[in-house]
Amino acid sequence: MSDNYVPSSKFGKWFNDRLPLLSLSAHLREYPTPKNLNYWWTFGAILTFCLVAQIATGIVLAMHYVAHADLAFNSIEHIMRDINYGWLLRYLHSNGSSMFFLAVYIHIFRSLFYGSHKSPREIIWVLGMLIYILMMATAFMGYVLPWGQMSFWAATVITNLFTAIPLIGDSITTWFWGGYAVDNPTLNRFFSLHYLFPFLILGLVILHIWALHVPGNNNPTGIEIQKPSKDTVPFHPYITMKDIFALLIFLIIFCGFVFFSPNILGHPDNYIPANPMVTPSHIVPEWYLLPFYAILRSVPDKLGGVILLFASLFILVGLPWLDRSKVKSAIFRPIYKWFFWLLVLDVLVLGYMGAAPAEGTYLLIARVATAYYFLHFLVILPVLSSVEKTDPLPLSISDPVLKG
Amino acid sequence: MFKKNLKFSLIILFLISFTNLFGADKELMKVNWSFKGITGKFDRSSLQRGYQVYNEVCASCHSMDLLSYRNLGEKGGPEFSVDQVKAIAANFEVTDGPDSQGEMFTRPGRPSDKFVSPYPNVQASMAANGGSYPPDMSVLVKARKGGADYIYSVLMGYEEAPEGFELEDGVYYNKYMDGNKIKMVKPLAEGSVSYSDGTEATESQMAMDVTTFLTWASEPHLEARHQIGLKVIMYLIILTILVYLSMRRLWSRINPEE
Amino acid sequence: MEKSGKKNNRRDFLFTASYTIGAVGIGATIWPFIDQMNPDSSVKALATTEVNISQIEPGKSITVLWRGKPVFIKRRTQSEISEAQSVDLNELKHPEKDEDRVKKSEWLVMLGICTHLGCVPLSNKGEYNGWFCPCHGSHYDTSGRIRKGPAPVNMEIPKYEFVDSNTIKIG
């Protein structure tokens, strides 16, 4: 915290002595940030906007939504048809969810490329992973709320996974459902938790930013800098302006979806009211969960699939300890760079296979992609840590070597 | 820098190549819908004719539970006049009650009433239609892949079954249905409806009008969405340019060569 | 010196323009969040109700539900009408002429809610031949005006009109 900050007004001084909000604000405004950050660094601010937007639209939608199996679908149509600007708030929330995940994936891959997860930033990374997991849980429960065919059947398929747990699986699943299948009790509790989780996410985001402010931001070179110094700029107005610019571009894309193609990222089957007697021909989750869905279905054994699914997440959590290269940024890691892009490709392939029927060639490709995913984290990264010959690092971030 | 761009482009191309990969779909019939595109709007008279087709042909089996008669007069829709809407609503018998004796009774419809369903519940609907449920049409266009094109194609897609194709009783061949089988008899024929505005009621005309009407029923605020959207995007572009210039001006202090 | 001053002005203008236009956008964005709490179109559709009054005998009244509240529609007898018209305004806590409270003197259309604390008064009761509120003892006359008791003003007359001689549209 900026210990030498003195508020300009008497009231400000009096208040700040009792609750140092003004000092906090000054700390955030002045925070020395590397001056060479590129646009991949704007996604933190974009994500904060997404969280606020989802909470704001979610709260107003919750004023009209009815969380009962008999009424949910119609209550959403009531929002779309009768509530003033209801259609806008609903499409902002549903497309906002997709934009939130798009931003989080870019944010995560930024970390992977520039080594933002490495020491001393391991806890920021772990917090980020917790936020990501909560996001997925929130999105999963949120998708169930409209009580369409996909809502119901995705909930059924995924909650049925818990029955794979030996001995206690069935009891846990029944407890989770509040009944013997996904039904009204499940819907009600999903609504309660869907409202709660974003505030847990908010808390974790605050910890995430707090943890970041200890070492300070990473930067494209991956070399640690002194702060403050000639290598840093105060967060406001330099970084705030840049973040606002990036946010505006992001908003244009967001509004493109909301106003001109609001249902393209969704599935038409979710406009059919849930029917426990009829299963849709292809059950698919929303696009942002597809890679995990592909990994799940790669394994013919139910428990195996579940284990691999959770393993794929937990490996990510362990990344700072799997990738031990002292050089952070892929700019100076010529071999790692190729493997990074291969990983991006692998995740995209997994995503596509998640949407495909789990049979024949598609299944084969999914299995190869799944194997490669684990290979990357468990074998390639540790091996590279030892054998890769990295490029020489510049002396500072202002080094003329870095231009272009 | 170039290498990175190359990798990006390869990935984008890779992504695009997958668009038609699974479920090789039959090419749907394409219509130049007035409501498609960023400035898309509904053709008012087409909507009114479409309502007539829905009412006279479809409504005997297909409900539209989520619409109210007053929607027919609201902005962005068929925009029938207040009196026309009252008259349309009054044509239908609506169940109301209980009265002071505890009995349910029927009365003529009002604009605030929901569209009257042909059947009291799903089971009655299935029983009357050979075990099949004629789906509610309130959001049907959004509930089918291909949307308006799909609905139009199915309506126009009845054909003679090819040699050797097995069709059970009460099942018909349709080029665009999944599995080529449909339990609905061909609903439209030349002159099925006698349009009150005098338009010739060809099959394709009726199919187009009713599909337009169904699209509006699924998305009654489409026009407002497009109009507001256009303004929002223009505004964002202008603001982005201003902020970009401000940002560059600001950063010129840090990077003087910029 | 002059050059840097001009530059500063252009820069300030750019920043000010950005902030202002940005603020407009934020305001426009906030409006839907506020407006969604206003009555929606299904509620507004029930904002008016038409009532058939052809079955009401003289001296009788009906109560209809309008916007969630009871509305008394009373077909007054000639004696009730003359009684209402002949009251001296000085006797009234809330002076209102009967002629100002009705469109057709035979028909009294008013919100059946006591203006004291909101209970529904009982008809044909009370010392003034009108309504009596059992909650705290307010008495209303044949024009629905407060005559005795704690209610501060006369029972409210809603917006209504005669669509034809058999139908009243309220709201």
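Which residue of E10(C) does Phe162(C) stand opposite? In this predicted model, the partner of Phe162(C) is Ile168(C) in E10(C).

## Strands E9, E10 and E1 of chain C

Strand E9 of chain C covers residues 160–164 and is joined to E10(C) by four bridges, the two strands running antiparallel. Two residues lie between E9(C) and E10(C), and the pair forms a hairpin. The Phe162(C) and Ile168(C) positions face each other across this pairing.

E10(C), residues 167–170, also pairs with strand E1 of chain C, residues 49–52. Here again four bridges make the link, and the direction is antiparallel. Within this pairing Asn52(C) is set opposite Thr167(C) of E10(C).

## The open sheet E2-E3-E4

Chain C also has an open sheet of three strands, ordered E2-E3-E4, with antiparallel pairing. Strand E2 (61–66) and strand E4 (107–111) of chain C are the edge strands; each has a single partner strand, so one side of each is left without a neighbour in the sheet. From one strand to the next, the twist averages 20 degrees.

Strand E3 of chain C spans residues 69–75 and pairs with E4(C) over five bridges, in the antiparallel sense. One of the facing positions is Phe72(C), which stands opposite Met110(C) in E4(C).

## A note on side chains

In a regular strand, side chains alternate between the two faces of the sheet.

Methods
Residues are numbered from 1 along each chain as its sequence is written. Chains are lettered from A and ligands numbered from 1 in the order in which they are written. This is a predicted model: local features need pLDDT of at least 70, side-chain atom pairs count only at pLDDT 80 or more; totals for chains, interfaces and linings use all residues. Side-chain values use heavy atoms; hydrogens and water are left out. Two strands pair if DSSP finds at least two bridges between them. Axes are lines fitted to C-alpha atoms, for helices over the stretch in contact, and angles run from 0 to 180 degrees between N-to-C directions.
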